[in-house]
Amino acid sequence: MTLQELDYFAPGYRYSRTTILADVQQIPLQSSSLDGVIILHVLEHISKVAKAARELLRVLQPGGFIEHETPCCMLAAIRPYACALLGI
């Protein structure tokens with residue numbers, strides 16, 4: 001497994017060589033290219049959470065994992081999208 005960073009910071013931020021600057025709603029990676037995704041305190045800033053969730057699932061390999069953190073108040077807003085996408 002290799003580390004692939006996907007980040008979005010302010011202009012002028014010094015990125016590492018493994019960082020890809022991208023929008024979570026349009027990830028510039030091939031489908032099924034990641035073993036796992038760690039997304040921390042991002043989804044609460046996205047206006048189209050379902051689109052972002054579909055994009056995360058697209059780049060994830062079958063059997064891969066998504067680890068995410070959002071503030072508790074966002075759970076009610078995000079859960080319907082996650083449940084629908086995951087079929088639960």
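Gln25 sits in the loop that runs between strand E2 (19–21) and strand E3. In this predicted model, Gln25 counts as buried because its relative accessibility is 15%, and the cut-off for buried is under 20%. Leaving aside residues up to four places away in sequence, Gln25 touches Ile46, Lys48, Lys51, Ala52 and Glu55.

The last of these contacts leads to helix H1, where Glu55 is found. Glu55 has a relative accessible area of 12%, so Glu55 is buried as well. With residues up to four places away in sequence again not counted, Glu55 touches Val24, Gln25, Gln26 and Ile27. Another residue to set beside Glu55 is Pro28: the two are 27 residues apart in sequence, while their C-alpha atoms are 9.9 Å apart in space.

Some of the residues just named also belong to the largest nonpolar core. This core has eleven residues, and Val24, Ile27, Ile46 and Ala52 are among them. The others listed for it are Leu34, Val37, Ile39, Leu43, Leu56, Val59 and Leu60. Two elements give two or more residues to this core, namely strand E3 (34–40) and helix H1 (49–59). In soluble globular proteins, nonpolar side chains tend to be buried together.

The chain as a whole can now be laid out. Its secondary structure consists of four strands and two helices, and along the sequence these follow the pattern β-β-β-α-β-α. The chain has 88 residues, of which 26% count as buried. Contacts between residues at least 6 apart in sequence can be divided by their separation: 63% of them join residues at least 24 apart.

On the outside, the accessible surface of the chain comes to about 6,500 Å². Carbon and sulfur atoms account for 57% of that surface. What makes up the nonpolar patch of about 300 Å² on the surface? Ile38, Leu40 and Phe65 make this patch. Phe65 lies in strand E4, which covers residues 60–69. The relative accessibility of Phe65 is 40%, so Phe65 counts as partly exposed, a class that lies between the limits of under 20% for buried and over 50% for exposed.

Two loop residues deserve a look for their backbone angles. Ser32 lies in the loop between E2 and E3, the loop that also holds Gln25. Phi of Ser32 is near 55 degrees, which is a positive value in a residue other than glycine. Ser32 is partly exposed because its relative accessible area is 36%. His41 is found further along, in the loop between E3 and H1. Although His41 is not a glycine, its phi is positive, at about 50 degrees. His41 has a relative accessibility of 43% and so counts as partly exposed.

Finally, the confidence of the prediction varies along the chain. The mean pLDDT is 77, and 65% of the residues reach 70 or more. Where is confidence lowest, and where is it highest? The lowest value falls in strand E1 (residues 5–7), with a mean of 59. The highest falls in H1, at 90, and H1 is the helix that holds Glu55.

Terms used:
Residues are numbered from 1 along each chain as its sequence is written. This is a predicted model: local features need pLDDT of at least 70, side-chain atom pairs count only at pLDDT 80 or more; totals for chains, interfaces and linings use all residues. Side-chain values use heavy atoms; hydrogens and water are left out. Buried means under 20% relative accessible area, exposed over 50%, partly exposed in between (1.4 Å probe, protein chains only). Contact means heavy atoms within 4.5 Å. Accessible areas come from the Shrake-Rupley method with a 1.4 Å probe; for residues, only the protein chains shown count as cover. A nonpolar core is a set of buried Ala, Val, Leu, Ile, Met, Phe, Trp, Tyr and Cys residues joined through side-chain atoms within 4.5 Å. Patches are made of residues with over 30% relative accessible area and no salt bridge: like charges are joined within 9 Å, nonpolar side chains (Val, Leu, Ile, Met, Phe, Trp, Tyr) within 5 Å. A salt bridge is a side-chain nitrogen of Lys or Arg within 4 Å of a carboxyl oxygen of Asp or Glu. pLDDT is the predictor's confidence in each residue, from 0 to 100.
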